[in-house]
Amino acid sequence: MSACAVVAPQRQAPVAPAPAPPEEDGAAGEATSASTRADEVLPSLELSADLLYKLTKAELEFKGGRWQGPFVTLMSVAQQTRDPRIAHRAAEMALTAKQGGEALAAIRLWRELAPNSEEARQYFLGFVVLSEQMGEAEPIFSQRLRDAAPAARALNMFQMQQFLTRAKDKAAAFAMLERVLAPYLAMQESHLVLAQSAHAKGDRERAEREAREALRIKPDSELAALTLAQVAGNAQAADEVLTAFLRVNPGAREVRAAYARLLIEQKQFEPARGQFQILLKDQPDNLATLYALGIISMQLGDGGAAEAHFKRFLAVLAAKPSDERDPAKVQMILAQLAEDRGDHAGALAWLDQVDGRDARPYFEARVRRAQLMARHGDLDGARKVLADIKTDEAEEQAQLFQTDAQLLRDGGYAQSAFTVLENALIRFPDNAELLYDFALLAEKLGKLEVMETSLRRVMARSPDNHHAYNALGYSLAERNVRLPEALALIDKALKMAPGDPFIMDSMGWVQFRLGNLEQAEELLRRAYSLRSDPEIAVHLGEVLWQKGDKADAEKLWREAGAKDPKNDALKSTLARLNFSL
């Protein structure tokens with residue numbers, strides 16, 4: 001980089017309130033070498049040999065990892081030459097070195113030398129609102145609003161709010177907003193800014209009052225209605241705000257979409273679908289609405305409607321391609337929907353449509369293809385699909401090993417699956433997911449020492465991996481050994497994932513082993529209410545059997561058998577109790 005890069009910097013005005021420092025020292029000066037900005041009046045400056053030497057030396061030292069000497073040199077040169085570009089470069093050096101105080105000093109000098117520079121003003125505001133000198137921003141904000149054209153004043157208000165949301169002292173920032181906005185309270189935007197800022201500092205009453213005033217000033221403002229709903233305090237109040245607004249303004253798309261999302265959050269999927277259908281009627285090719293209707297229809301179990309919406313999504317996207325919309329995700333969903341209704345060939349056809357030019361979705365589609373083929377009896381073909389997948393990503397390579405082992409295990413080839421994972425761990429010894437699957441296979445093959453060692457390796461590498469704690473605890477409980485240790489392991493897992501029904505099942509089972517039948521039943525019933533899994537049903541059935549409730553136990557076992565006739569836990573339990581369904 002030449003020293004001229006500092007003498008003639010170029011840089012576009014930042015969009016963000018506080019621009020981030022350059023990522024690479026050597027690139028910083030390069031990023032600032034361009035034509036003079038129109039809002040910077042530059043001195044008539046000859047690039048003397050002495051000046052060239054100082055600037056070149058400063059840049060080379062900075063590139064070598066030193067910042068203090070180069071910074072002092074540039075600050076001194078900027079003061080001597082009155083050139084704002086050099087002060088700007090000094091500020092960049094300090095920012096890169098993460099020296100906030102020095103950066104602010106350089107920015108102050110930059111503003112002094114280029115008082116009309118909008119970029120310097122943006123840097124300055126971004127820094128002072130985070131400092132103890134936040135008050136210095138107030139006259140700048142006030143001046144900007146006074147100077148702004150009426151049509152641009154609202155935008156300036158929202159920009160001011162964006163700066164002040166970063167302030168550490170929220171109360172002081174809000175008080176400043178009140179003072180600066182006082183002359184403009186006839187504008188609804190003033191009240192919206194105050195509402196949002198009051199909400200940010202936790203003053204719900206003030207936020208609601210300001211939002212209502214904004215809506216009073218402009219009753220058809222969607223932004224005011226959305227703000228009032230946001231600060232309302234609870235879902236019911238937000239619901240009332242949005243529905244009242246929609247009764248008067250039925251064409252308000254943003255408010256209707258927000259209302260639909262609120263209904264989804266409350267798991268009111270049918271009413272939410274109704275709102276999105278209204279939106280679709282007005283704009284039948286709206287991709288966001290089509291996608292939302294597809295997802296909601298899936299939640300409602302309406303696979304046919306979901307397919308129709310997703311197919312329409314793809315047709316619209318094909319007619320009007322968009323870089324912001326990826327067809328692969330929808331193609332994968334359509335594959336799942338086809339599989340759910342038993343259309344195996346259709347599922348494979350959708351997966352084959354995923355474009356190979358986008359590496360990650362294509363990888364996922366090929367893996368899914370292999371899984372579907374294996375599920376329908378073509379294990380050799382499935383493994384060939386996996387073998388043909390090429391990737392340089394270590395994570396994806398490990399996933400291929402893991403999937404191959406899963407296919408072998410599910411196909412009844414546990415020893416072959418174990419060998420696959422054993423080889424995989426030679427290449428990826430610290431991969432927690434491979435270790436976990438390896439441990440479960442080791443247990444299935446009776447290699448209990450290998451299982452425990454592997455699970456403890458997972459715990460050591462991923463201390464928050466609740467699955468590992470649960471798996472080891474459950475294994476001990478299932479074998480009815482070291483029950484206090486099993487209880488401690490499962491308890492730790494349950495604290496990490498308190499809503500996990502499978503960990504609840506493990507806790508219920510270890511309580512059963514410990515003879516605590518009431519606790520066991522309570523836990524297992526809760527787990528089964530969350531997930532009607534056959535294995536949970538088997539465990540709950542055995543607890544009820546031991547308590548003498550044999551009719552309910554038999555009912556649960558029949559439910560488990562209907563869902564999974566080959567379930568090993570069900571078979572072993574019925575054999576041990578000498579009972580047949």
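The second largest cavity in this predicted model has a volume of about 40 Å³. Its walls come from Phe141, Arg144, Leu145, Asn156, Gln159, Met160 and Phe163. Two helices, α8 (137–147) and α9 (150–164), each give two or more residues to that lining, and α9 gives the most, with four. Sort the lining by class and you get four nonpolar residues, two polar and one charged. Arg144 is the charged one, going by the usual grouping of Asp, Glu, Lys and Arg.

How many cavities of 30 Å³ or more are there? The count comes to two.

Now for the open space. Rolling a probe the size of a water molecule over the atoms shows where empty space is left. The largest pocket here has a volume of about 1,600 Å³. It is lined by 39 residues, and the closest to its centre are Leu440, Lys444, Glu535, Asn567 and Asp568.

Which helices build the lining of the largest pocket? At least two residues come from each of α23 (394–410), α25 (432–444), α27 (466–478), α29 (501–513), α31 (534–546) and α33 (568–576). You can place some of the central residues on these helices: Leu440 and Lys444 fall within the span of α25, Glu535 within that of α31, and Asp568 within that of α33.

As for chemistry, the lining of the largest pocket has 16 charged residues, along with 13 nonpolar and ten polar ones. Among the residues closest to the centre, Lys444, Glu535 and Asp568 count as charged, Leu440 as nonpolar and Asn567 as polar.

Notes: Residues numbered from 1 in each chain as written. Predicted model: local features only at pLDDT ≥ 70, side-chain atom pairs only at ≥ 80, totals over all residues. Heavy atoms only, no water. 1 Å grid on protein atoms, 1.4 Å probe; cavity = no way out; pocket = protein on both sides within 12 Å on 5 of 7 lines; lining within 4 Å. Points joined across faces, edges and corners; volume = space filled by probe spheres on them.
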